[in-house]
Protein chains: 4
Amino acid sequence: MAEIEELAAAVREFSRERDWEQFQDPKSLVLALVGEVGELAELFQWVPAADAVARFAVPDRQARAAEEMADVLVYLVRLADVLGVDLGAAARAKLADSHRRFPAATHRGVAPHKP
Amino acid sequence: MAEIEELAAAVREFSRERDWEQFQDPKSLVLALVGEVGELAELFQWVPAADAVARFAVPDRQARAAEEMADVLVYLVRLADVLGVDLGAAARAKLADSHRRFPAATHRGVAPHKP
Amino acid sequence: MAEIEELAAAVREFSRERDWEQFQDPKSLVLALVGEVGELAELFQWVPAADAVARFAVPDRQARAAEEMADVLVYLVRLADVLGVDLGAAARAKLADSHRRFPAATHRGVAPHKP
Amino acid sequence: MAEIEELAAAVREFSRERDWEQFQDPKSLVLALVGEVGELAELFQWVPAADAVARFAVPDRQARAAEEMADVLVYLVRLADVLGVDLGAAARAKLADSHRRFPAATHRGVAPHKP
């Protein structure tokens with residue numbers, strides 16, 4: 001089984017054992033995801049942009065950031081599972097689409113802008 | 001290579017080819033992630049909670065949700081890569097930790113609350 | 001002075017006294033706003049949609065929600081001030097615009113959808 | 001009537017005329033708020049932190065940022081109204097509390113950290 005699918009199965013089983021599926025409707029899961037994204041944002045809010053990579057190379061801070069990103073991923077994977085979406089495939093399809101929409105030749109060094 | 005690591009490598013290569021690494025400092029990537037989470041939230045905002053799963057089982061809407069979740073995942077994977085974090089390992093560690101913090105026996109049917 | 005302008009002046013003075021203006025560039029303020037929105041989302045995440053108003057009528061919970069909304073407002077007002085935006089006027093202009101875009105006669109009972 | 005209360009009354013009336021109150025439960029309003037915060041974040045995501053104030057001083061971009069901040073405020077004000085919260089009073093109470101928690105003498109030049 002692919003890694004993301006395995007993770008989805010593990011989170012599903014975790015939720016089932018605790019009878020937590022009743023709480024995990026899509027809107028609630030998006031709100032939970034937002035809560036975790038908020039915690040991730042808080043880690044970086046007052047750090048000077050140019051120092052962020054160096055500061056978060058310190059093991060304790062890296063572990064803290066890893067934890068918040070893990071929380072985001074777990075809820076994202078759970079949401080995809082509840083909606084019957086193959087998240088790994090969707091990400092690969094999106095990347096293939098980005099290759100088409102942003103050819104390297106014409107987009108080198110230019111930040112993408114929403115249409 | 002594991003799936004998430006492969007995805008990280010593909011996004012890194014995509015960014016490198018376009019010389020977009022200069023834009024992808026952690027704070028910018030968190031803001032980009034927030035933008036995609038916002039698009040995901042918009043899909044669900046006015047849908048009655050109880051209807052969300054059924055409504056998003058319709059292929060067009062499922063594909064739309066899949067796309068927004070893919071965008072979130074791509075930025076999350078990129079952020080982890082920029083910070084040198086093994087996102088898959090972090091998610092598995094987090095889930096193991098949740099097994100310890102929320103024993104099924106005592107947490108069945110009770111929504112978790114932040115301490 | 002109008003209420004929002006007064007609030008902006010108070011937050012500006014608070015920041016100046018602590019020499020915190022150096023941290024309050026727009027990207028950092030948006031990340032701080034996201035952090036507070038995350039805390040607000042967490043309050044509601046596992047509450048059944050139909051029970052949310054009743055549950056948050058309980059004084060303690062109402063006070064908690066009020067605090068998180070206040071945090072969001074303070075950062076929003078600060079961001080507007082840093083960008084030289086008259087937030088109250090912008091909100092009134094937006095509402096006037098919504099009156100034009102969503103005539104009551106044609107939009108009664110129909111949730112708005114993004115174009 | 002104070003400015004924020006007036007704005008709340010105008011948004012309430014707008015919602016009532018369109019029979020949109022049925023969609024505006026707290027969870028839906030938080031998701032709508034998240035959607036608007038996402039649009040705000042997108043404006044700033046790839047802008048170098050040090051250039052953000054100057055770039056958004058250009059009238060068109062300032063108007064765009066003002067609009068997104070207005071959207072955030074309108075949903076925040078609506079959520080507070082639905083929850084029976086006096087948002088202006090809550091913001092002033094929060095600021096008074098911050099004066100106590102962060103005395104200028106000891107916090108000058110030091111970014112606040114969550115406890």
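This briefing walks through chain A, the way some of the chains are related, and a few residues worth finding on screen. Keep in mind that the model is predicted. Chain A is built with six helices and zero strands, and chain C can be turned onto chain B or onto chain D by a rotation of 180 degrees. After that, we zoom in on D:Gly88, which is buried, and on Asp19 in chains B and C, where phi is positive.

**Chain A: the overall build**

- If you follow chain A along its sequence, you meet the pattern α-α-α-α-α-α.
- The radius of gyration of chain A is 17 Å, well over the 13 Å that the globule rule gives for 115 residues, so chain A is more spread out than a compact globule.
- Want a feel for the dimensions? Picture a box of roughly 50 × 35 × 25 Å along the principal axes, filled by the C-alpha atoms of chain A.
- Take the contacts in chain A between residues at least 6 apart in sequence: 65% of them link residues at least 24 apart.

**Chain A: surface and charge**

- Of the 115 residues in chain A, 55% are buried.
- About 4,900 Å² of chain A is exposed, and 53% of that area comes from carbon and sulfur atoms.
- On the charge side, chain A carries 14 positive and 19 negative side chains.
- The centres of those two sets of charges sit 9 Å apart.

**How chain C relates to chains B and D**

- Start with chains C and B: a turn of 180 degrees, with a shift of 0.0 Å along the axis, lays chain C on chain B with an RMSD of 0.0 Å. That is how a two-fold axis relates its copies.
- Chains C and B also meet through the same surface, because 100% of the interface residues of chain C are interface residues in chain B too.
- Now try chains C and D: chain C superposes on chain D after a rotation of 180 degrees with 0.0 Å of shift along the axis, and the RMSD is 0.0 Å. Within chain C, C:Glu3 has the C-alpha nearest this axis, at 2.8 Å from it.
- For this pair, 100% of the contact residues of chain C recur in chain D, and the same surface serves both copies.

**A buried glycine: D:Gly88**

- You'll find D:Gly88 in helix 5 of chain D, which covers residues 87-101.
- Is D:Gly88 buried or exposed? Its relative accessibility is 1%, and buried means under 20%, so D:Gly88 counts as buried.
- Setting aside neighbours within four places in sequence, D:Gly88 touches C:Glu3 and D:Ile4. You've already met C:Glu3 as the residue whose C-alpha is nearest the axis in chain C.
- D:Leu73 is 15 residues away from D:Gly88 along the chain, and their C-alpha atoms are 12 Å apart.

**Asp19 in chains B and C**

- What is the phi of B:Asp19? It is near 55 degrees, a positive value in a residue other than glycine.
- B:Asp19 belongs to the loop between helix 1 (3-17) and helix 2 (26-44) of chain B, and with 37% relative accessibility it counts as partly exposed.
- Over in chain C, C:Asp19 has a positive phi of about 55 degrees, although C:Asp19 is not a glycine.
- C:Asp19 lies in the loop between helix 1 (3-17) and helix 2 (26-44) of chain C, and its relative accessible area of 36% makes C:Asp19 partly exposed.

Notes. Residues are numbered from 1 along each chain as its sequence is written. Chains are lettered from A and ligands numbered from 1 in the order in which they are written. This is a predicted model: local features need pLDDT of at least 70, side-chain atom pairs count only at pLDDT 80 or more; totals for chains, interfaces and linings use all residues. Side-chain values use heavy atoms; hydrogens and water are left out. Copies are superposed by least squares on the C-alpha atoms of residues with pLDDT of at least 70 in both. Contact means heavy atoms within 4.5 Å. Helices (H or I, at least four residues) and strands (E, at least two) are DSSP runs, numbered from the N terminus. The radius of gyration is taken over C-alpha atoms; the globule rule is 2.2 Å times the number of residues to the power 0.38. Buried means under 20% relative accessible area, exposed over 50%, partly exposed in between (1.4 Å probe, protein chains only). Accessible areas come from the Shrake-Rupley method with a 1.4 Å probe; for residues, only the protein chains shown count as cover. Lys and Arg count as positive and Asp and Glu as negative; His and the chain ends are not counted. The place of a charge is taken as NZ of Lys, CZ of Arg, CG of Asp or CD of Glu.
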